[in-house]
Amino acid sequence: MAKKIAGYIKLQVPAGQANPSPPIGPALGQAGLNIMEFCKAFNASTQNLEQGMPIPVVITAYADRTFTYVTKTAPASFMLKKAAGVEKGVTNVGRETVGQVTMAQVKEIAEQKMVDLNAKDMDGAVKMITGSAKSMGIEVVE
């Protein structure tokens with residue numbers, strides 16, 4: 001018989017740096033889950049990724065106080081900022097730009113993000129990533 005799901009917890013945790021401090025501790029504590037068990041498992045599964053990269057994670061909490069989790073790929077905004085070599089996006093969207101990325105970089109990001117995007121094909125994924133870049137003030141060049 002399948003376990004009864006008590007709820008879902010969505011967090012964004014730096015890769016390899018999960019610890020019981022907020023926001024992880026309070027979120028898992030409210031659900032009655034073992035915080036250190038999650039931290040150890042998450043850090044072990046993300047140790048081969050770039051340290052500090054924000055990783056979205058969806059934790060499924062069960063009624064018997066056990067859990068499972070699924071990690072997603074890093075946010076497109078993080079990947080775009082890294083590719084463009086900028087710290088943050090613009091405050092006046094459409095009026096100024098902070099950096100540039102090539103179409104090849106956008107395609108590479110779209111390939112990595114394809115599993116998490118709701119695009120039907122690669123062209124749709126590239127358009128989504130291009131839109132994210134434009135909204136951040138990052139110019140896409142050929």
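# Sheet, core and side-chain pairs

Q: How many bridges join E1 to E2?
A: The model examined here is predicted. E1 and E2 run antiparallel, and one residue of E2, Tyr-62, stands opposite Ile-5. The number of bridges that join E1 to E2 is 9.

Q: Which are the edge strands of the open sheet?
A: The sheet is open and has 3 strands in the order E1-E2-E3, with antiparallel pairing. An edge strand pairs on one side only, and this holds for strand E1 (5–14) and strand E3 (67–71). The edge strands are therefore E1 and E3.

Q: What does the twist average from one strand to the next?
A: The strands concerned are those of the open sheet with the order E1-E2-E3. From one strand to the next, the average twist is 20°.

Q: At about what angle does H2 run to E3?
A: H2 lies across E1, E2 and E3. Relative to E3, helix H2 runs at about 30°.

Q: How many residues does the largest nonpolar core have?
A: Leu-11, Ile-24, Phe-38, Ile-59, Leu-80 and Ile-138 are the residues with the most contacts inside this core. At least two core residues come from each of E1, helix H1 (24–30), H2, E2, H3, helix H4 (103–113) and helix H5 (122–136). The residue count of the largest nonpolar core is 36.

Q: Which Phe residues is Ile-59 in contact with, leaving aside neighbours within four places in sequence?
A: With those neighbours left aside, Ile-59 is in contact with residues including Gly-7, Tyr-8, Ile-9, Leu-11, Leu-28 and Leu-33. Other contacts of Ile-59 include Thr-68 and Tyr-69. The Phe residues in contact with Ile-59 are Phe-38 and Phe-67.

Q: What is the centre to centre distance of the aromatic pair Phe-38 and Phe-67?
A: The structure holds 4 aromatic pairs. One of them, Phe-38 and Phe-67, is edge-to-face with 70° between the planes. This pair links helix H2 to strand E3, its members being 29 residues apart. The centre to centre distance is 6.1 Å.

Q: Is Phe-67 buried or exposed?
A: The cut-off for buried is under 20% relative accessible area. Phe-38 meets it at 1% relative accessibility. Phe-67 has a relative accessible area of 15%, so Phe-67 is also buried.

Q: Which residues do ring pairs link into a cluster with Phe-38 and Phe-67?
A: Phe-38 lies in helix H2 and Phe-67 in strand E3. The other members of the cluster linked by ring pairs are Phe-42 and Tyr-69.

Q: What is the relative accessible area of Thr-60?
A: Thr-60 lies in strand E2. Not counting residues up to four places away in sequence, Thr-60 touches Ile-5, Gly-7, Tyr-8, Thr-66, Phe-67 and Thr-68. Thr-60 is buried, and its relative accessible area is 11%.

Q: How far apart are the closest N and O atoms in the salt bridge of Lys-82 with Glu-50?
A: Side chains of opposite charge can pair when their charged atoms come close. The structure holds 1 salt bridge. Between Lys-82 and Glu-50, the closest N and O atoms are apart by 2.6 Å.

Q: How many residues apart in sequence are the parts that Lys-82 and Glu-50 tie together?
A: Lys-82 is exposed at 51% relative accessible area, whereas Glu-50 is partly exposed at 34%. The salt bridge joins Lys-82 with Glu-50. Lys-82 lies in helix H3 (76–84) and Glu-50 in the loop between helix H2 (35–45) and strand E2 (54–62), so the sequence separation of the tied parts, in residues, is 32.

Methods
Residues are numbered from 1 along each chain as its sequence is written. This is a predicted model: local features need pLDDT of at least 70, side-chain atom pairs count only at pLDDT 80 or more; totals for chains, interfaces and linings use all residues. Side-chain values use heavy atoms; hydrogens and water are left out. A salt bridge is a side-chain nitrogen of Lys or Arg within 4 Å of a carboxyl oxygen of Asp or Glu. Helices (H or I, at least four residues) and strands (E, at least two) are DSSP runs, numbered from the N terminus. Buried means under 20% relative accessible area, exposed over 50%, partly exposed in between (1.4 Å probe, protein chains only). Two strands pair if DSSP finds at least two bridges between them. Axes are lines fitted to C-alpha atoms, for helices over the stretch in contact, and angles run from 0 to 180 degrees between N-to-C directions. Contact means heavy atoms within 4.5 Å. A nonpolar core is a set of buried Ala, Val, Leu, Ile, Met, Phe, Trp, Tyr and Cys residues joined through side-chain atoms within 4.5 Å. Rings of Phe, Tyr and Trp (its six-membered ring) pair if their centres lie within 6.5 Å; planes under 30 degrees apart count as stacked, over 60 as edge-to-face and the rest as tilted.
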